[in-house]
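Thanks for coming. I have one model to go through today, so please have the sequence and the coordinates open.

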Amino acid sequence: MSVAATGIARVLSIAGTDPTGGAGIQADLKSIAATGGYGMAVVTALVAQNTHGVRSVHVPPVAFLAEQLHAVSDDVRIDAVKIGMLADVHVTRTVRDWLTQVNPPIVVLDPVMVATSGDRLLTQDAEQALRELLQQVHLVTPNVPELAILAGAPVATTWAEVLRQAQQVAGEHGVLVLAKGGHLAGSLVPDALVDAYTVREFPGMRIDTPNTHGTGCSFSSAVATRVAARTSTGAPSLADWADAIAEAKLWLTESITHADDLAVGSGHGPIHHFAGLWQRGGVSTRPTPARVAERWWEEIRDIRTATDDLPFVRGLGDGSLPREAFVWYLAQDALYLSEYSRMLALASRLAPSAAEQTFWAASAQGAIDTELELHTSWIADGVLAGVLPSGTTTAYLNHLVAAGAGGDYPVLIAALLPCFWMYQDVGTRLHPLSHDAHPYRSWLDTYADEAFAAATDRAIKIVTTVAAAADEPTRDRMARAFRASAGHEREFFAAPLRG
Ligand SMILES: Nc1ncnc2c1ncn2[C@@H]1O[C@H](COP(=O)(O)OP(=O)(O)O)[C@@H](O)[C@H]1O
Ligand SMILES: Cc1ncc(COP(=O)(O)O)c(N)n1
């Protein structure tokens, strides 16, 4: 499957390790994930290092490196490769041979040579092998000292000199160069995408923090991921590279800005790869609609139990309910439904899809039909004329009107749900109590209405699906509106016998 099919680029990092998690493979995997890709990792060298520096390097046999590389490429379609620490000539040549065989569509090389701490991560005799590797690379991302080595020139001290060296390397090796200005003195940290003829600059302001361990690793991984995400077929254009770099730099800057929020080590700590994502999306897993339904229903268990125990509900079930109380209830129900149907119509107006719009509109009509049915079959002519909504009815309706007043669709439909769900639920216990001689037989029989049961299922599905997809504060407001309506339902059943 292509990236276009999933939107998720499969990005392989070939690099060394950092057991403190801030640089190398560990930083690469975090960066790839943070910028929307699927990260894979082949280890070139094991590095005993922390936020203070490198203690020692262990390079496993290159035959094993080749085995790792082929294990990935024999199975997985690789959308982009990011290469970091190559340690020595043998590792560099093994990676080059694999690149020649596999020919990945996007290859980004971070020419790691010397760590920020000053420790060598590439033997000096491997520098020539690294230059040769450039033929297999689309973008190389040197910092100022690394660029000087690639250009065979003294370390640049001005941005203009950096750009000249980058253009020389681009011209000599036919490669795009992302020159990084982090090592220059001053408050600006510009980067530039350079080919043999053009320069595109990405300005940046230096963030005042000692915690920049792994910025180079993270930046190159993010660029590889973003460019793969926007190039599903063919090779990326220069504009694709520029857009990917701009995106990666925005993310990197955000991650450096929050580096001090972490407390990792006492030297140069890592950047906070997920700061922005956590801030924007939180870390809690979204519940499924079924889980929302289960939780909300459980949270009103006390209200449901109290409702079942009400004298009105018991009396309706065993037929002992005084007729005046029943007629009073029906009159209040008719008054309630005439306004409830208007709130259903408002939900229809606010609904985001035609399917939901239709459901609420149909329910609004259903509520009016039921109200008219009450008039014709139960309540004698003229009885309703003098009936005013009770305090209980008014309180319930005010709650629904308030839920809809802000035009907040999720909260409104959560408030509308108990009228379906609790009514249907009470009915499942009352309906079986019906028998030929029961005084409320024809009323209890209405609880067997299959269309209402289906509408209740659909209402639960719509509301809990909206809740599951909502952010946490919205879901909380919905749950509160739902519970408040459930309380009003209980009161509605309690009112006729409260006098
Ligand atoms: N203190 C900082 N504030 C903002 N951006 C920074 C800072 N330090 C590094 N960067 C950015 O991080 C990236 C890598 O920086 P650089 O230090 O040049 O490379 P490397 O990490 O490979 O040595 C560049 O985009 C650079 O602009
Ligand atoms: C395994 C490994 N690779 C690369 C770096 C460079 O880190 P930085 O990006 O801070 O220069 C590192 N310290 N360790």
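I will go through the conventions, then the sheet, then a few residues, and then the two ligands.

Conventions. This is a predicted model, in which local features need pLDDT of at least 70 and side-chain atom pairs count only at pLDDT 80 or more, while totals for chains, interfaces and linings use all residues. Residues are numbered from 1 along each chain as its sequence is written, chains are lettered from A and ligands numbered from 1 in the order in which they are written, and side-chain values use heavy atoms, with hydrogens and water left out.

Helices (H or I, at least four residues) and strands (E, at least two) are DSSP runs, numbered from the N terminus. Two strands count as paired if DSSP finds at least two bridges between them.

Now the sheet. The model has an open sheet of 8 strands, in the order β2-β1-β5-β6-β7-β8-β9-β10, and the pairing is mixed. At the edges are β2 (38-43) and β10 (199-202); each has a single partner strand, so one side of each is left without a neighbour in the sheet. As a reminder, strands of a sheet pair through backbone hydrogen bonds, either parallel or antiparallel.

At one edge, β1 (residues 10-15) runs parallel to β2, and 6 bridges join them. Ser13 stands opposite Ala41 in β2. Helix α8 (residues 215-229) packs on the sheet, where it touches β1, β5 (80-83), β6 (107-109), β7 (139-140), β8 (176-180) and β9 (191-194). Contact here means heavy atoms within 4.5 Å. The direction of α8 makes about 170 degrees with that of β5; axes are lines fitted to C-alpha atoms, for helices over the stretch in contact, and angles run from 0 to 180 degrees between N-to-C directions.

How many residues of β1 are buried? In β1, 6 of the 6 residues are buried, so the strand is largely enclosed by the rest of the structure. Buried means under 20% relative accessible area, exposed over 50%, and partly exposed in between, with a 1.4 Å probe and protein chains only. Arg10, Leu12 and Ile14 point one way from β1, and Val11, Ser13 and Ala15 point the other way.

Moving along to β9, this strand pairs with β8 in the antiparallel sense over 4 bridges, and Lys180 stands opposite Asp191 in β9. On the other pairing, β9 and β10 run antiparallel, joined by 4 bridges, and they form a hairpin with 4 residues between them. Ala192 has Glu201 in β10 as its bridge partner. Both faces of β9 are covered: Asp191 and Leu193 on one side, and Ala192 and Val194 on the other, are all buried.

Two residues next. Thr231 lies in the loop between α8 and α9 (238-257), and is buried, with a relative accessible area of 9%. The Thr231 side chain reaches the backbone oxygen of Val227 at 2.4 Å. Not counting residues up to four places away in sequence, Thr231 touches Ile106, Pro236 and Asp240.

Gly216 is found in helix α8 and is buried at 18% relative accessible area. With that same sequence exclusion of up to four places, Gly216 touches Asp110 and Lys180.

Now the ligands. For polar contacts, the cut-off is a pair of N or O atoms within 3.5 Å; within protein, one must be able to donate a hydrogen and the other to accept it, and residues adjacent in sequence count only if both atoms are side-chain atoms. For surrounding residues, one heavy atom must lie within 4 Å of the molecule.

Which residues are closest to ligand 1? Of the 16 residues that surround ligand 1, the closest are Asn143, Lys180, His183, Asp191 and Ile207. An oxygen atom of ligand 1 is 2.9 Å from an N or O atom in the Asn143 side chain. A polar side-chain atom of Thr215 also lies 2.9 Å from an oxygen atom of ligand 1, and for the side chain of Lys249 the distance is 3.1 Å.

Ligand 2 is surrounded by 14 residues, the closest being Thr17, Gln49, Thr116, Gly214 and Gly216. A nitrogen atom of ligand 2 is 2.9 Å from an N or O atom in the side chain of Gln49. Two backbone contacts follow: Gly214 has a backbone N or O atom 2.7 Å from an oxygen atom of ligand 2, and a polar backbone atom of Gly216 is 3.3 Å from an oxygen atom of ligand 2.
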